[in-house]
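Work through the exercises below with the model open. Try each task before reading its solution.

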Amino acid sequence: MPVLEVQSLSKSYAQRAILRGVSFRLDRGERVALLGPSGSGKTTVLNCAGGVDRADGGSVVIAGQELGGLSADGLAQLRRKQIGTVFQFYHLLPTLSAAENIELPLQLLGVPPGEREARVRELMGRVGIAHRAAALPGQLSGGEMQRVAIARAVVHRPALILADEPTGSLDTATGEQVLDLLAEVVKETQAALLLVTHSPEAVKHCERVLRMQDGQIVEGA
Ligand SMILES: Nc1ncnc2c1ncn2[C@@H]1O[C@H](COP(=O)(O)OP(=O)(O)OP(=O)(O)O)[C@@H](O)[C@H]1O
């Protein structure tokens with residue numbers, strides 16, 4: 001069963017077609033870059049695939065469940081369990097420490113405290129930020145914040161990781177370290193990764209490229 005199957009997605013904003021029949025699938029453990037010019041619809045695809053935006057037509061199936069057939073609660077539950085996200089601007093909760101940010105997905109899933117702590121501790125070590133556990137996001141560098149975000153994205157071992165320009169706010173060297181780390185932890189968890197990027201460096205960390213143009217996938221599907 002594919003982790004993600006997107007079929008014939010269409011979407012318009014103000015009667016302008018943004019997605020025009022987008023279809024592709026991701027299997028377990030695959031790392032796929034989604035490329036294309038600015039405005040071609042990459043983020044819209046990511047948002048529809050992650051269930052934060054609804055397409056006008058077509059279907060998105062994650063781990064065998066069609067998003068369109070789920071209630072709001074069912075969709076929230078599936079997203080909590082099966083998806084991890086990494087964004088350009090980190091999206092960490094500013095009032096929670098690094099460790100608490102990473103722990104949050106486990107808390108939302110009702111994982112017992114002992115298990116949560118062990119998993120968070122292990123991952124903080126894995127992504128190299130154990131010494132910053134108690135720091136608030138505002139006290140961290142961009143690279144550190146993205147390490148926290150990567151740990152948060154994989155802590156609950158989701159089937160699918162969605163990343164939108166994860167190195168877009170980082171300098172080249174830090175960006176490369178973050179990409180290495182993202183690719184490694186994704187590999188370890190055997191999740192599927194869909195990575196929206198403009199960066200040739202990021203593409204090197206992926207096994208397959210999907211290229212978009214004017215709301216369609218023109219290569220790699
Ligand atoms: N909420 C919205 N309302 C109206 N238009 C939107 C909305 N969201 C996106 N668009 C438009 O849809 C088109 C595709 O946007 P999208 O963000 O998916 O492109 P992208 O390929 O990710 O671009 P970039 O590389 O610049 O991030 C753009 O022309 C954008 O202006």
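**Exercise 1. Overall form**

What radius of gyration does the protein have, and how does this value stand against that of a compact globule with 221 residues?

Solution. Note that this is a predicted model. Start with the rule: for 221 residues, a compact globule would have a radius of gyration near 17 Å. The protein has 17 Å, which agrees. Next, take the extents: the C-alpha trace spans about 50 × 40 × 30 Å along its principal axes. Then turn to burial: 42% of the 221 residues count as buried. Last, consider contacts between residues at least 6 apart in sequence: 71% of them join residues at least 24 apart.

**Exercise 2. The open sheet**

Work out the strand order in the open sheet of four strands, and find its edges.

Solution. The order reads S2-S1-S4-S5, with antiparallel pairing. S2 (16–26) and S5 (65–66) each have a single partner strand, so one side of each lacks a neighbour in the sheet. Now inspect S1 (residues 4–13) and S2: eight antiparallel bridges join them. Leu4 stands opposite Leu26 in S2. Finally, add helix H1, which lies across S1, S2 and S4 (57–62). H1 runs at about 120° to S1.

**Exercise 3. The ligand shell**

Which helix gives the most residues to the shell around the ligand?

Solution. List the surroundings: Tyr13, Ile18, Gly36, Ser38, Gly39, Ser40, Gly41, Lys42, Thr43 and Thr44. Helix H1 (residues 42–49) gives the most, with three residues. Then sort the shell by character: two residues are nonpolar, seven polar and one charged.

Terms used: Residues are numbered from 1 along each chain as its sequence is written. This is a predicted model: local features need pLDDT of at least 70, side-chain atom pairs count only at pLDDT 80 or more; totals for chains, interfaces and linings use all residues. A residue is near a molecule or strand if its C-beta atom, placed from the backbone, lies within 6 Å of it. Helices (H or I, at least four residues) and strands (E, at least two) are DSSP runs, numbered from the N terminus. Ala, Val, Leu, Ile, Met, Phe, Trp, Tyr, Cys and Pro count as nonpolar, Asp, Glu, Lys and Arg as charged, and the others, Gly among them, as polar. Two strands pair if DSSP finds at least two bridges between them. Two residues are in contact if their C-beta atoms, placed from the backbone, lie within 7 Å. Axes are lines fitted to C-alpha atoms, for helices over the stretch in contact, and angles run from 0 to 180 degrees between N-to-C directions. The radius of gyration is taken over C-alpha atoms; the globule rule is 2.2 Å times the number of residues to the power 0.38. A residue is buried if 20 or more other C-beta atoms lie within 10 Å of its own, exposed if 12 or fewer, and partly exposed in between; C-beta atoms are placed from the backbone.
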